[in-house]
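Q: Could you take a close look at one part of this model, its sheet, and follow it outward to the loops and ligands? I would like a connected account rather than a list.

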Amino acid sequence: DPDPEAAAVLAGRRLLLTAGPTVEDLDPVRYLGNRSSGRMGYAVAAEAQRLGMRVTLVSGPVNLPVPAGVERIAVRSAEQMLAAVTDRVAQSDLFIATAAVADFRPREASLEKIKKRGDGGLTLELVQNPDILAEVAARQDRPFVVGFAAETHEVERYARDKLERKRLDMIAANRVGEEGSGFDADCNALTVLWPEGRHEIARADKAQVARELLAVIAQRFRNRP
Ligand code: CTP
Ligand code: CA
């Protein structure tokens with residue numbers, strides 16, 4: 001059953017969240033992608049909806065059903081994800097960035113399929129994508145802002161650095177690249193950090209982790225300035 005304390009704080013509030021990978025087109029048939037399954041974000045969306053939140057999920061391409069009662073906006077690239085978020089962020093009370101946004105995209109997508117030329121290789125020129133989370137956090141009228149951090153090492157140090165650098169209210173860090181946790185996995189464990197505290201969420205299935213994360217967010221959200 002939904003956690004009554006979290007529901008008391010969050011019911012009726014509007015949640016905007018990003019989920020899944022972004023895919024960055026190289027040509028009409030190829031793209032750069034990553035191994036995000038979208039399951040953590042979809043689990044957060046489903047649990048938030050159960051708490052009575054009004055949930056909008058801006059999602060990159062994933063193989064997951066839309067949780068009941070959740071509005072999904074489907075996008076492909078980081079730039080499309082930013083546009084969809086920018087359109088809706090002013091009407092949001094809480095923003096959670098679970099998406100594995102591609103840091104880089106090809107400088108330009110070829111309109112025609114890229115062909116081999118002789119025996120040579122291919123050098124791609126990549127440019128940096130906008131940071132959707134940092135742009136939301138930099139707004140004057142910002143919602144309560146929660147980021148994620150996927151790290152292979154020194155998880156807490158890098159996550160706290162992102163919390164401060166992007167001026168987030170909270171960040172949920174997980175170790176990736178290990179068998180059975182994080183990216184492309186059923187289970188997850190999170191270290192949740194905010195400027196004056198931390199909370200460990202033990203390894204569990206993503207629905208359980210999502211419930212605990214929303215309970216921690218609700219406590220901080222209630223005490224926000
Ligand atoms: N994020 C985002 N837009 C980007 C990159 C990241 O919104 N262009 C968000 C992610 O959704 C996540 C958080 O920022 O909530 C941290 O993502 P992460 O990839 O861990 O951090 P980066 O700032 O991209 O740094 P790096 O990948 O170099 O560690
Ligand atoms: Ca990144």
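A: What follows starts with the sheet and then turns to the loops, the ligands and two residues with unusual backbone angles.

The model is a predicted one, and what is said below should be read with that in mind. Its open sheet has eight strands, which follow one another in the order β5-β4-β1-β6-β9-β10-β11-β12, and the pairing within it is mixed. The edges are formed by β5, residues 71–74, and by β12, residues 197–205, each of which pairs on one side only. On average, neighbouring strands of this sheet are turned by 15° against each other, if direction is ignored.

Strand β1, which covers residues 14–19, is mostly covered, since five of its six residues are buried. On one side β1 pairs with strand β4, residues 54–59, in the parallel sense and over six bridges, and within this pairing Arg14 has Arg54 of β4 as its bridge partner. β1 is also joined to β6, again in a parallel arrangement, by four bridges, and here Leu16 stands opposite Phe95 of β6. From β6 the sheet continues to strand β9, residues 144–151, which runs parallel to β6 and is joined to it by four bridges; in this pairing Leu94 is placed opposite Phe144 of β9. As a general point on such strands, the side chains of a regular strand alternate between the two faces of the sheet.

The loop that leaves the edge strand β5 deserves a closer reading. Ser77 is placed in this loop, between β5 and α3, the helix of residues 78–88. Its relative accessibility is 13%, and Ser77 therefore counts as buried, the limit being under 20%. If neighbours within four places in sequence are left aside, Ser77 is in contact with Thr22, Val23 and Glu24. The side chain of Ser77 also reaches the backbone nitrogen of Gln80, at 3.1 Å, and Gln80 itself belongs to helix α3. A polar atom of the Gln80 side chain, in turn, lies 2.7 Å from the backbone nitrogen of Arg76. Unlike the buried Ser77, Gln80 is partly exposed, with a relative accessible area of 40%. The C-alpha atom of Gln80 is separated by 9.6 Å from that of Val58, although the two residues are 22 apart along the chain.

Toward the other edge of the sheet, strand β11, residues 187–194, contains Thr191. At a relative accessibility of 13%, Thr191 is also counted as buried. Its side chain makes a polar contact of 3.1 Å with the side chain of Glu200. Not counting residues up to four places away in sequence, Thr191 touches Glu156, Ile171, Ala172, Ala173, Arg198, His199 and Glu200, so that Glu200 appears both in this set of contacts and in the polar pair.

The ligands can be placed against this framework. Around ligand 1 there are 14 residues, of which Ala97, Ala99, Pro130, Lys162 and Lys166 come nearest. For Lys162, a polar side-chain atom lies 2.7 Å from an oxygen atom of ligand 1. The backbone takes part as well: a polar backbone atom of Leu133 is 2.9 Å from an oxygen atom of the ligand, and a polar backbone atom of Ala150 is 3.5 Å from an oxygen atom of ligand 1. Ligand 2 is a calcium ion, coordinated at 2.5 Å by OD atoms of Asp103. Asp103 lies in the loop that runs between β6, residues 94–97, and β7, residues 104–106.

Two backbone angles remain to be mentioned. Most residues other than glycine have a negative phi. Glu154, however, has a positive phi, near 45°, and its place is in the loop between β9 and α5, the helix of residues 155–165. At 41% relative accessibility, Glu154 counts as partly exposed. Arg167, likewise not a glycine, has a positive phi of about 55° and is found in the loop between α5 and β10, the strand of residues 170–175. With a relative accessible area of 52%, Arg167 is exposed, because the limit for that class is over 50%.

Terms used
Residues are numbered from 1 along each chain as its sequence is written. Chains are lettered from A and ligands numbered from 1 in the order in which they are written. This is a predicted model: local features need pLDDT of at least 70, side-chain atom pairs count only at pLDDT 80 or more; totals for chains, interfaces and linings use all residues. Side-chain values use heavy atoms; hydrogens and water are left out. Donors are N, O and S atoms within 2.8 Å of the metal (3.2 Å for Na, K and Ca); water is not among the atoms, so sites may look incomplete. Helices (H or I, at least four residues) and strands (E, at least two) are DSSP runs, numbered from the N terminus. Two strands pair if DSSP finds at least two bridges between them. Axes are lines fitted to C-alpha atoms, for helices over the stretch in contact, and angles run from 0 to 180 degrees between N-to-C directions. Buried means under 20% relative accessible area, exposed over 50%, partly exposed in between (1.4 Å probe, protein chains only). A polar contact is a pair of N or O atoms within 3.5 Å; within protein, one must be able to donate a hydrogen and the other to accept it, and residues adjacent in sequence count only if both atoms are side-chain atoms. Contact means heavy atoms within 4.5 Å. A residue is near a molecule or strand if one of its heavy atoms lies within 4 Å of it.
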